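The following exercises ask the reader to examine a structure step by step. Each task is followed by a worked solution.

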Amino acid sequence: MSASSPASTAHPSWLDLVRRKVEGLHYGQVFIVVHDHQVTQVECLERTRLAPSNAANSREENNR
């Protein structure tokens, strides 16, 4: 596709979706699935990070 084609200047709807998914993530991944040169799916995997508990910290210190 050339840089002067109308499709390259249009703002695809999937781009807004990807932007919203990324802005909503603290930790995770956004996957874009392409089929026949078209974005067909956007997947989002979010991770929740937990702070270590005091009990886990105490065990680690005792094992040293």
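**Exercise 1: Surface and burial**

The protein, given here as a predicted model, exposes about 5,800 Å², and carbon and sulfur atoms supply 50% of this area.

Task. State what share of the residues of the protein count as buried.

Solution. The protein has 64 residues, of which 5% count as buried. The cut-off for this class is a relative accessible area under 20%. Val18 serves as an example: its relative accessible area is 12%, therefore Val18 is buried.

**Exercise 2: Confidence**

Task. Determine where in the protein confidence is lowest and where it is highest.

Solution. Begin with the whole chain: the mean pLDDT is 81, and 69% of the residues reach 70 or more. Next, take the separate elements. Confidence is lowest in helix 1 (residues 6-9), with a mean of 54, and highest in strand 1 (residues 28-35), with a mean of 96. Finally, consider residues 1-5, over which pLDDT stays under 50. For this segment the model has four contacts beyond four places in sequence. Where pLDDT is low, the predicted coordinates should not be read in detail.

**Exercise 3: Order of elements and the hairpin**

Task. Give the pattern that the protein follows along the sequence, and describe in which sense strand 1 and strand 2 pair.

Solution. First, list the elements: the secondary structure comprises three helices and two strands. Along the sequence they follow the pattern α-α-β-β-α. Second, examine the pairing. Strand 1 and strand 2 pair in the antiparallel sense, over eight bridges. Ile32 has Val42 in strand 2 as its bridge partner, and Val33 stands opposite Gln41 of strand 2. Third, turn to the connection. The hairpin of these strands has two residues between them, and Asp36 in this hairpin takes a positive phi near 55°.

**Exercise 4: The surroundings of Val18**

Task. Identify which residues are in contact with Val18, leaving aside its neighbours within four places in sequence.

Solution. Locate the residue first: Val18 is found in helix 2. Its contacts, with those neighbours left aside, are Val30, Ile32 and Val42. Two of these names, Ile32 and Val42, are bridge partners. For the pair Val18 and Ile32, the C-alpha atoms are 8.1 Å apart in space, while the residues are 14 apart in sequence.

**Exercise 5: A salt bridge in helix 2**

Task. Explain why Arg19 and Asp16 are separated by about one helical turn, and state whether their side chains are buried, partly exposed or exposed.

Solution. The count of salt bridges comes to one. The side chains of Arg19 and Asp16 meet in a salt bridge, with an N to O distance of 3.5 Å, which satisfies the limit of 4 Å. Because the two residues are three apart in helix 2 (residues 13-23), about one helical turn separates them. Arg19 has 39% relative accessibility and so counts as partly exposed. Asp16, at 29%, therefore also counts as partly exposed.

**Exercise 6: A loop residue**

Task. State where Arg49 is placed, and decide whether Arg49 counts as buried or exposed.

Solution. Arg49 lies in the loop between strand 2 (38-46) and helix 3 (54-62). Its relative accessibility is 57%, so Arg49 counts as exposed, the cut-off for that class being over 50%. Arg49 and His26 are 23 residues apart along the chain, and their C-alpha atoms are separated by 9.1 Å.

Terms used. Residues are numbered from 1 along each chain as its sequence is written. This is a predicted model: local features need pLDDT of at least 70, side-chain atom pairs count only at pLDDT 80 or more; totals for chains, interfaces and linings use all residues. Side-chain values use heavy atoms; hydrogens and water are left out. Helices (H or I, at least four residues) and strands (E, at least two) are DSSP runs, numbered from the N terminus. Buried means under 20% relative accessible area, exposed over 50%, partly exposed in between (1.4 Å probe, protein chains only). pLDDT is the predictor's confidence in each residue, from 0 to 100. Contact means heavy atoms within 4.5 Å. Accessible areas come from the Shrake-Rupley method with a 1.4 Å probe; for residues, only the protein chains shown count as cover. Two strands pair if DSSP finds at least two bridges between them.
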